[in-house]
Amino acid sequence: MEYGLSKHGNGLSSIYGPLLELDKSLDAIFLSWAKEFQAVEYRFPQLLAVKHLDRLQYFKSFPHLATFAVTLEKDKDKLEQFSDNHIVLENGSMELSNVDLSTHVVTPAACYHAYVEFKGKEFQQPKIITTRGICCRCEDHYEILERQWIFSMREIICIGTQKEVSDFLEDAKKKVDSFINKIGLDLKWVDATDPFFNPKNNPKYIFQKLEPVKKELIFDNRLAIASTNDHINYFGEAFNLTRDGKILSSGCIAFGMERWLSAIVRTFGDDSKNWPLL
């Protein structure tokens with residue numbers, strides 16, 4: 001498309017030109033909010049160890065979303081056999097044999113790295129950081145920009161007391177509300193739950209239904225482009241995040257970058273001259 005979007009496969013796309021400039025402008029605004037919170041910016045690796053996600057029971061709650069990083073066994077004979085005999089089928093797939101044990105997944109959410117980073121740390125005051133990550137979730141269907149296998153996520157994360165986290169999330173939500181009113185996007189906040197596997201048999205899903213801790217910012221009554229997430233002390237307990245010996249809470253606000261782009265294009269049209277922020 002002329003405004004800077006091309007499809008590279010099922011759930012994969014690239015952006016360039018005006019759309020990439022819009023992405024940069026949006027991210028600069030989100031990053032400015034992080035700086036107002038005095039957040040330190042981090043850049044984390046794209047892979048996350050399975051042992052860390054297992055602490056969170058991720059593979060019980062979201063096995064359908066995981067994309068594992070796999071490599072071939074480092075046996076010379078097996079590598080030669082693969083090199084000589086591998087076949088890419090007509091449907092574009094390849095059967096792998098002699099795969100080594102998988103130790104990592106491609107990061108499914110940018111914030112997970114923060115809790116790994118601070119595992120076992122004692123905090124004297126609220127810790128606020130921001131990061132932008134390339135995330136990966138294996139979906140049952142894909143829609144360019146709106147539901148992708150690979151996508152970008154900007155997050156601002158707070159670790160502190162429950163009140164500190166609640167105040168942070170409320171302040172962050174106000175910044176978003178002021179921004180969307182200014183640029184004229186029609187969005188609304190709704191209570192939401194995470195996309196659990198077999199949700200009705202998962203206590204975490206039931207808890208989120210009874211005690212709403214996740215709010216999503218919805219475009220066109222169908223597409224979540226941002227969310228606030230109050231983790232209470234879940235990550236604090238899993239990674240031993242404390243202050244004065246007491247387990248801390250955490251929360252984050254997350255922005256799905258490609259989804260913001262889609263919402264703006266659908267609202268203001270294909271002509272980038274009509275887009276806000278450019």
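Which residue takes a positive phi in the hairpin of E10 and E11? In this predicted model, that residue is Asp220, with a phi near 60° in a hairpin that has three residues between the strands. The two arms of the hairpin, strand E10 (214–219) and strand E11 (223–232), pair in the antiparallel sense over six bridges. Going along the pairing, Ile218 sits opposite Ala224 in E11, and Lys214 faces Asn229 in E11.

The hairpin has partners on either hand. E10 also pairs with E9, again in the antiparallel sense and over six bridges, and here Val190 stands opposite Glu216 in E10. E11, for its part, is joined to E14 by six bridges, with the two strands running antiparallel; one of the pairs in that ladder is Thr228 with Ile253 in E14. As a general point, strands of a sheet pair through backbone hydrogen bonds, either parallel or antiparallel.

Both arms of the hairpin are well covered. Five of the six residues of E10 are buried, so the strand is largely enclosed by the rest of the structure. Much the same goes for E11: nine of its ten residues are buried, so E11 too is largely enclosed by the rest of the structure.

Next comes the nonpolar packing. The largest nonpolar core has 40 residues, and those with the most contacts inside it are Leu19, Leu26, Phe30, Phe179, Leu217, Phe255 and Trp260. The elements giving two or more residues to this core include strands E8 (150–160), E9 (187–192), E10, E11 and E14 (249–256), along with helices H1 (17–36), H6 (162–183) and H9 (257–268). H6 supplies the largest share, eight residues. Another core lies apart from this one; it has 32 residues, among them Phe62, Ala66, Ala110 and Ile157.

Trp260 gives a feel for how the largest core is put together. Setting aside residues up to four places away in sequence, Trp260 touches Leu26, Phe30, Phe179, Ile180, Leu185, Leu217, Ile225, Ala226 and Phe255.

Elsewhere in the chain, three strands form an open sheet in the order E4-E6-E5, with antiparallel pairing. E4 (47–49) and E5 (68–69) are the edge strands, each pairing on one side only. Three bridges join E4 to E6 (residues 104–106), and Ala49 stands opposite His104 in E6.

Leu56 turns up in the loop between helix H2 (50–55) and helix H3 (58–61). Is this loop residue buried or exposed? Its relative accessibility is 8%, under the 20% cut-off, so Leu56 counts as buried. Beyond its neighbours within four places in sequence, Leu56 is in contact with Tyr112, Lys204, Tyr234, Phe235, Ala238 and Phe239. Tyr142 is another matter: 86 residues separate it from Leu56 along the chain, and the C-alpha atoms of the two are 26 Å apart.

Finally, there is some internal space to report. The structure holds one cavity of 30 Å³ or more, and about 30 Å³ of space lies in the largest cavity. Its lining is made up of Leu72, Glu73, Lys78, Leu79, Phe82, Ser97 and Asn98. By residue type, that lining divides into three nonpolar, two polar and two charged.

Terms used: Residues are numbered from 1 along each chain as its sequence is written. This is a predicted model: local features need pLDDT of at least 70, side-chain atom pairs count only at pLDDT 80 or more; totals for chains, interfaces and linings use all residues. Side-chain values use heavy atoms; hydrogens and water are left out. Helices (H or I, at least four residues) and strands (E, at least two) are DSSP runs, numbered from the N terminus. Buried means under 20% relative accessible area, exposed over 50%, partly exposed in between (1.4 Å probe, protein chains only). Contact means heavy atoms within 4.5 Å. On a 1 Å grid over the protein atoms alone, a cavity is a set of points where a 1.4 Å probe fits but cannot get out, and a pocket is an open set with protein on both sides within 12 Å along at least five of seven lines; lining residues have an atom within 4 Å of a point. Grid points are joined across faces, edges and corners, and a volume is the space filled by probe spheres set on the points. Ala, Val, Leu, Ile, Met, Phe, Trp, Tyr, Cys and Pro count as nonpolar, Asp, Glu, Lys and Arg as charged, and the others, Gly among them, as polar. Two strands pair if DSSP finds at least two bridges between them. A nonpolar core is a set of buried Ala, Val, Leu, Ile, Met, Phe, Trp, Tyr and Cys residues joined through side-chain atoms within 4.5 Å.
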